[in-house]
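Here's a protein model to look over together. Let's take it one question at a time.

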Amino acid sequence: MAFPNTPLGVMVELYIGGVWVDITGDVYTNNLITITRGRQDEASRTDAGTCVFVLDNSTGRYSSRNPRSDLFGLIGRNTPVRVSIQPGGATAPRLVRFVGEVSSWPPKWSTARYVTVTASAAGILRRLGQGATPLASPMRREFASPTRTSIVAYWPLEDGSTATEYASALPGASPMIVVAEGAKPGAYTAYEASEALPTLGTGQFTGSVPAYTDTGETALRFFAAFPDTPLTADAPILDMRTTTGMRFVLAWEGTTGVLSISSYAKDGTRLEYHAITGNLAGRRLSIGLDLTQSGTEITRRLYVIDVDEYTLVGGGLVPSIVNTFTGTVGRVTTITLGGGAAGDVVVGHVALADSRAAYGATGSAMIGYAGEGALSRIVRLCAEEGIPLTARGVADLPSSAVGTQSVAALLDLLQESVEADGGRLYEQRDALGLALRTRATLYTQPPKLTLDYSAAEVAEPFEPVDDDQHVQNDVTIVRKGGSSARAVAETGPLSVEAPPNGVGRYSGSTTLNLFADEQCSPHAYWHLHKGTRDAPRYPSAHVEVHNAPHLAEQVAAVDVGDRAVIANPPPWLPPEQIELLVEGYTETLGVHTWDVTFNASPGGVYLVGMADDTEYGRADTDATELAQPATDTATELMVRATEGGTWDVDPGDLPFPVTIGGEELRVDAVGPAAGDTFTRAVAGGWGPAESGQAWQVSGLAPGSHYAVNGSAGLHSIGTRNTYYVCSLPSLSLDDVEMVATFTMPIAPTGDGVSAFVMLRTDAAATSFYMARVYFNTSGTAQLSLRKRTPTETVLATYATALAHTAGTSYTVRLRVEGSTLAARFWKTGEREPSGWQVTATDTDIPGPGGLGVRSFVTTGNTNTLPVVVAWDDVAVTDVQKLTVTRARNNIAKAHPQGAAVSLTHPAFTAL
């Protein structure tokens, strides 16, 4: 049997002597075990997890300093603890609910027989946040890293402004000693990958290189920044001396601003002189000097890397000069900086290695890893600090690129990266480590937990909070050290408009460590999206698993950043499903008790447009409304797009939910309000249109005069001065646009022939608006707008006529909106005109009504009868018919014409 018919199977273990030791028998079962994880009380960052349980300490076993205890010397501060449960029964898998470190073991007693220890454990975040000192600068961490074993000397020169010597970053190594005053320690702060560095001025300082084995390779690297104005005289920057008496001097030459190298023999003879082309004024460089010994020959390479031009992805150019000459390098013994009048020349991070390969992959640190993804930075920092981390991202949705890594405490560096991306950093549940989810993993994810309120799966208290605590409708995002962007909600229920149209202005500014200024604008709009979500908040959701054991598997799987939903909320709340994003939880565990309260934030903001999602991957129309009233049971609704395009009719995208007046409906099919391509065969009429309505014929009785031949609807005109009419009277539309194609088989003789498209037709097709194309005997086709009430009246005529020959097909578009009529026509197959060719205003036929087509041969026409006019591709273009399933949210009601129709879950373009 399973929980709660059998015990929950709680187990508490301590990690002692390299193994997990079960101490469950000493845990008081009348005191529930309480565990917290993740963010609590809508906090902005994740708290350290906690676990509290009470132990029987009557024997003194858990008094950590008690020599009588069998655990003496084995337990104490930060002893690892693990808590697990087995709700499926003795043969089911164990589920780890907490791994942490016991931070305190205070013994308490009321009598000698009731002695306890309330053990308080915490996750790894507690220890990482206790007295955390800032991490060193990226450059210092890179060159002082134990993994770079070839570096034999390194002076960061990041010492404070009152320093009298410059410490080495290598253990036990000597500092650089000031030989001559005049340098300014800590004067240069613009190099973001470093703390403040000195300017040389007239100062000079030298460092002794610890003895090392001569490998035949010498590799020097250092940072140098040059002022905008060159010096008036040459200034030595660095002087390196070796055990053989050789010297290698780098200088900035005052007249040309170039960097030069001079190599000297022991007796002072200059063996070479070369300069790297290009004035260095105003540039920040990483300078390298490689020396390779081969027999009696030295190959010298001097190179520079422009720090400001270097990128994380593309790297940068590395100009260099190479020369070979006779000599013996030996080991480097001293490195001296300055010694002239170098002014505001900056130096720093002087490193020496016994291998030319020592500085591989240091370019990223040189620019403070600027441009690195937030995910990559967190993974790298945790690896550097030896912190276990599990990380989740989305391959084709990379995390936000972040700016320079500053000098700050580890948790602050991790948090600023998380904030720049918008993801979640929290503690692992089953190990002593951290976990990361990027923002993209929060998008439109399947629910990990689905609760049904009507089935009593949500325990009390369950109350919405509908306040302005998180409202922000005027958002400014500032890039740390850079520009900013602002996003404002000008309209909408939570806009800056004054009530009742909005809520007034709620402004806020957030600084993020972003890589580029152009990131500010999309981040601002994303924050605006989150700050203007018009829905109540549900800060917590309470589940008593012992009263709903069928939820045990779901509840156990939920972790920070997962989606949870509550279906069928009570009738006094809005009917839509409640969306939550789990930020953390508090759970209590007992023998037959498992109670979980999830801390949550609004989950709806993360339901964004995803291309592969059937519900959230669809873009809404700009504006759609009901084109005619709908009863509370109607399953076919006429809708009209008032702005932008119409609804997609691809069957592969069906079904999808829409909302009208608070009622959620499922759209099962989308088609034109009326349309026909006449692919059937009908004799004695036109039969039903493809859109379902029945064609009604007027004028002559059915027979050979009306037919459908499999490709067109035919008007076989056998009598002059008689209208041949086919209409769809079951339609009831007032504002509508239609298009129809027809073929005129003759060039008229004697008198003209006409073809009409009609809107707002009455049932008898005796009252309507129409666009008429008249073919005269001079070989032209003329367009006009007319009305029939039933007297026919010309409203407007297009001044230009089209040349006509027998058998030509034409397409006519007619639009009626309110009292405005508009039409255009063109030869089928040619480009449709961009504007209306003829417009008019009239109020005699307010509608609504149907549509139709008609043909007419005048009395004076002498063409041989019958004249067969073929109609095709008749369609309403702006009104569509939605076949729907009603009351998806248990609300069914009538809706008036003009009611807004929108996607229940319109796709929102995410950050």
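Buried here means under 20% relative accessible area. Keep in mind that this is a predicted model.

Q: Is Cys 51 buried or exposed?
A: The cut-off for buried is under 20% relative accessible area. Cys 51 comes in at 0%, so Cys 51 is buried.

Q: How many disulfides does the structure hold?
A: A disulfide is a covalent bond between the sulfur atoms of two cysteines. To count here, a pair of cysteine sulfur atoms has to lie within 2.5 Å. The number of disulfides in this structure is 0.

Q: Which strands stand at the edges of the sheet?
A: The open sheet has 6 strands with antiparallel pairing, in the order S36-S37-S57-S39-S38-S58. From one strand to the next, the twist averages 45°. A strand at the edge has a single partner, so one side of it is left without a neighbour in the sheet; that goes for S36 (623-626) and S58 (901-903).

Q: Which residue in S58 stands opposite Ile 660?
A: Strand S38 covers residues 656-660 and runs antiparallel to S58, with 3 bridges joining the two. Across from Ile 660, in S58, you'll find Val 901.

Q: How many residues are in the other core, apart from the largest nonpolar core?
A: The largest nonpolar core has 70 residues, and Ile 287 is one of those touching the most other members. Contacts of Ile 287 include Leu 220, Phe 222 and Val 304. Apart from that core lies another, with Leu 731 and Ala 771 among its members, and its residue count is 54.

Technical notes: Residues are numbered from 1 along each chain as its sequence is written. This is a predicted model: local features need pLDDT of at least 70, side-chain atom pairs count only at pLDDT 80 or more; totals for chains, interfaces and linings use all residues. Side-chain values use heavy atoms; hydrogens and water are left out. Two strands pair if DSSP finds at least two bridges between them. Helices (H or I, at least four residues) and strands (E, at least two) are DSSP runs, numbered from the N terminus. Axes are lines fitted to C-alpha atoms, for helices over the stretch in contact, and angles run from 0 to 180 degrees between N-to-C directions. A nonpolar core is a set of buried Ala, Val, Leu, Ile, Met, Phe, Trp, Tyr and Cys residues joined through side-chain atoms within 4.5 Å. Buried means under 20% relative accessible area, exposed over 50%, partly exposed in between (1.4 Å probe, protein chains only). Contact means heavy atoms within 4.5 Å. Lists of a residue's contacts leave out its neighbours within four places in sequence.
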